[in-house]
Amino acid sequence: MSAPIDPGVRIGHVHLRTADIDRVRVFYVDLLGFEVIAQARDVPGWGTTGDLLFVSAGGYHHHLGFNTWKSAGGGPQPDGVCGLHHVAILYPTRAGLADALRRLRAADWPIRQATDHGTHEAIYVSDPDGNDVELCWDRAPEEWPRDAEGRPEFAGFADLDMDRLLAEA
């Protein structure tokens, strides 16, 4: 599990509150393979102090940031409230997505859903703080389902054959 995540992974800069920096580091660094860019304890921020962790794929300043400024020891956001639905981590290859699945299975991490959306394949998990994470790979745009006007069409929620994904990758 020590090999880094594929450096071609690209996601936006997302900063999430966490209850425990060490616990979230195990998931994103040890399990998924992100690299630590910065980690600090008792850092001032937003009128308080807390811990922070910035992680990256391929040396970027950080793709994901985590802090405990307003959330140390807190519980997950409950259902039924507004907020972030999930963070999508887009792998550049299907083999990269298969590697993520291999890592999750090796750690016996619960998979909430595995779906073939037509445009992309996705594996949905929750991180230690209950944040939902979509691990995904996009098909080439010319392979996407299209409507009558030629626009990309979301194909729905077909089950993703995870064993086939692992075998083909």
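## Exercises on rings and the nonpolar core

In this predicted model, F34 touches I5, Y28, V29, V55, S56, A57, L64 and I89, leaving aside residues up to four places away in sequence. Let's work outward from there.

**Exercise 1.** Find which residues the ring pairs link into a cluster with F34.

*Solution.* Begin with the number of aromatic pairs: the structure holds four. Next, follow the links from ring to ring. They join F27, Y28, F34, F66 and W109 into a cluster.

**Exercise 2.** Classify the pair formed by F27 and W109, and say where in the chain its two members sit.

*Solution.* Step one is the distance: the ring centres lie 4.7 Å apart, and pairing asks for centres within 6.5 Å. Step two is the angle: the planes are at 40°. Stacked needs under 30 degrees and edge-to-face over 60, so this pair is tilted. Step three is location: F27 belongs to helix α1 (residues 21-31), while W109 lies in the loop between α2 (94-106) and β6 (113-116). The pair thus links distant parts of the chain, 82 residues apart.

**Exercise 3.** Decide for F27 and for W109: buried or partly exposed?

*Solution.* Buried means under 20% relative accessible area. F27 has 1%, so F27 is buried. W109 has 25% relative accessibility, so W109 counts as partly exposed.

**Exercise 4.** Describe the largest nonpolar core and find which helix gives the most to it.

*Solution.* This core has 33 residues, and Y28, F34, F66, Y91, I123 and L135 touch the most other members. Several elements each supply at least two residues, among them α1, β3 (48-56), β4 (64-67) and α3 (162-168). With six residues, α1 gives the most. As a general background, nonpolar side chains tend to be buried together in soluble globular proteins.

Conventions:
Residues numbered from 1 in each chain as written. Predicted model: local features only at pLDDT ≥ 70, side-chain atom pairs only at ≥ 80, totals over all residues. Heavy atoms only, no water. Phe/Tyr/Trp six-rings, centres within 6.5 Å; stacked < 30°, edge-to-face > 60°. Helix = DSSP H or I, 4+ residues; strand = E, 2+ residues; numbered from the N terminus. Buried < 20%, exposed > 50% of the residue type's maximum accessible area, 1.4 Å probe, protein only. Core = buried A, V, L, I, M, F, W, Y, C linked by side-chain atoms within 4.5 Å. Contact = heavy atoms within 4.5 Å.
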